[in-house]
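This briefing is meant to be read beside the sequence and the coordinates. It begins with one pairing of charged side chains and then moves outward to the rest of the fold.

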Amino acid sequence: MTALASPTDPTRTAATAATAATAAPTAVAATAPARSTAARRRARTAAWSLLAAALLVLLTGVALGTGQVKMSVWDALRALVGAGDAGNVLVVQEFRAPRVVSALIAGAGLAVAGSMLQRLFRNPLASPDTVGVTGGASFGAVLMLATGASQELIPLAALGGGLLAALLLGGFAWRSRMAVTRLVLVGLAVQQGLAAAVNLMIVRFPAELAASAMQWTTGSLYGRNWTEVWIGGTAVALTAAVVLLAQRRVAVLDLGDDSAGGLGLNPGRDRVLLLLLTIALASLAAALTGPVAFVALAVPHLVRLLAGPPTLGTLGLTALTGAVLLLSSDLLVLHVIPVHGLPVGAVTATLGAPWLLVLMIRQGRLPQRSN
């Protein structure tokens, strides 16, 4: 009869040690490629962020220095901080800088909101344009214009309109018990309904109010002033900061509701709170420029293509890319396209419509491929 090995059997101890020694290099070898991949993604994100930041500084100088009073990029940037020729300082700070700063803030805010909505809805077609947020912001702002209230109240009205759209979206989805990935379909209906209400108000407006409201609803940077920039920009910056602080919760929710619940989160409650925060960010950004189309939809996809899956670093790159896209579109409107008074939303919509069609084809959401 073969004797059983005791717990202190030297043969068994040696075999266990040999097995552990063999497994340890295997575990290290398995984790090494993952660490290397993560390091490469971080390096790629940092490189693209530096490039986007440099391009943003260059475009800002060009935007500030181009016009009837021309100046170099360096002189324009100096005038922005109050240095250089007094005439240049007046032109830059009082007339050009509010428009440029509005484009930077709104572009970054819309892009970050679009990235967050796509993650929360788990749908690559989700954005403030497709879930009714920009339609609600337009409704609130135009309603405020109809009352003749102060321009400083428009950001608050846009926020209220965005939250109204969120309530409509949540109400319809709750009654139909629709999956979160299909809420975009309900959002499109909410967006079109609110757009119809806005058009009805514009038709009923006096001529002078109708022109102002129409310009706002198409997405325009015309006529921005420092009061609007400070109020709207501060609100966007504070909301975006809270979004950045909440990224760890978003990353846990990306694992799925079951895993998030096992890690101590309340998936339903946290998803609703993050959704409200994102809607607030999109509404406040839209209050500066109007409902500029497709920035929030296209930029997150472009960043994922360049830098990989969403992280805190790629969210910063998303903000920079959104600012670059909106500012460059505004430069096209002002100095390249020979149409006077063309709103910047027309340019972004022209660029974004083919992109949306490509995304719909890739996702298999066209009617002929729905089966």
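Arg99 forms a salt bridge with Asp330, and the closest N and O atoms of the two are 2.8 Å apart. This pair links distant parts of the chain, since Arg99 belongs to helix 3 (residues 86–121) and Asp330 to helix 13 (residues 312–335), with their positions 231 residues apart in sequence. The model is a predicted one, and the values below are computed from it.

**Salt bridges**

- The structure holds 3 salt bridges, and the one between Arg99 and Asp330 is among them.
- Both partners of that pair fall below the 20% cut-off for burial, because Arg99 has a relative accessibility of 17% and Asp330 has one of 3%.
- Glu228 forms a salt bridge with Arg224, with the closest N and O atoms 2.9 Å apart; here Glu228 counts as buried at 10% relative accessibility, and Arg224 counts as buried at 15%.
- Arg249 forms a salt bridge with Asp270, with the closest N and O atoms 3.2 Å apart.
- Because Arg249 lies in helix 9 (residues 247–253) and Asp270 in helix 11, this pair ties together parts that are 21 residues apart in sequence.
- The two partners of this pair differ in their exposure, for Arg249 is partly exposed at 40% relative accessibility, whereas Asp270 is buried at 5%.

**Overall fold and burial**

- The protein has 14 helices and 0 strands, so that, read along the sequence, its pattern is α-α-α-α-α-α-α-α-α-α-α-α-α-α.
- Of the 371 residues in the protein, 44% are buried.
- Among contacts between residues at least 6 apart in sequence, 73% join residues that are at least 24 apart.
- About 19000 Å² of the protein is exposed, and carbon and sulfur atoms supply 68% of that area.

**Nonpolar core**

- The largest nonpolar core contains 79 residues, of which Val112, Phe121, Val131, Val243 and Leu327 touch the most other members.
- Helix 3 gives the most to this core, with 15 residues.
- When residues up to four places away in sequence are not counted, Leu327 touches Leu56, Leu59, Thr60, Ala63, Val100, Ala103 and Leu104.

**Helix 12**

- Helix 12 (residues 295–307) has 13 residues, which at 1.5 Å a residue should span 18 Å, and the end C-alpha atoms are 18 Å apart, in agreement with that expectation.
- The buried residues of helix 12 are Val295, Ala296, Leu297, Ala298, Val299, Pro300, His301, Val303 and Ala307.
- Just after helix 12, Gly308 takes a positive phi of about 95 degrees.

**Nonpolar surface patch**

- Leu163, Val272, Leu273 and Leu276 form a nonpolar patch on the surface, and together they have about 330 Å² of accessible area.
- Helix 11 (residues 267–289) gives the most to the nonpolar patch, with 3 residues, while Leu163 is found in helix 5 (residues 154–176).
- Leu163 can belong to the patch because its relative accessible area of 32% lies over the 30% that membership requires; with that value, Leu163 counts as partly exposed.

Terms used
Residues are numbered from 1 along each chain as its sequence is written. This is a predicted model: local features need pLDDT of at least 70, side-chain atom pairs count only at pLDDT 80 or more; totals for chains, interfaces and linings use all residues. Side-chain values use heavy atoms; hydrogens and water are left out. Patches are made of residues with over 30% relative accessible area and no salt bridge: like charges are joined within 9 Å, nonpolar side chains (Val, Leu, Ile, Met, Phe, Trp, Tyr) within 5 Å. Accessible areas come from the Shrake-Rupley method with a 1.4 Å probe; for residues, only the protein chains shown count as cover. A salt bridge is a side-chain nitrogen of Lys or Arg within 4 Å of a carboxyl oxygen of Asp or Glu. Helices (H or I, at least four residues) and strands (E, at least two) are DSSP runs, numbered from the N terminus. Buried means under 20% relative accessible area, exposed over 50%, partly exposed in between (1.4 Å probe, protein chains only). The expected span of a helix is 1.5 Å times one less than its number of residues. A nonpolar core is a set of buried Ala, Val, Leu, Ile, Met, Phe, Trp, Tyr and Cys residues joined through side-chain atoms within 4.5 Å. Contact means heavy atoms within 4.5 Å.
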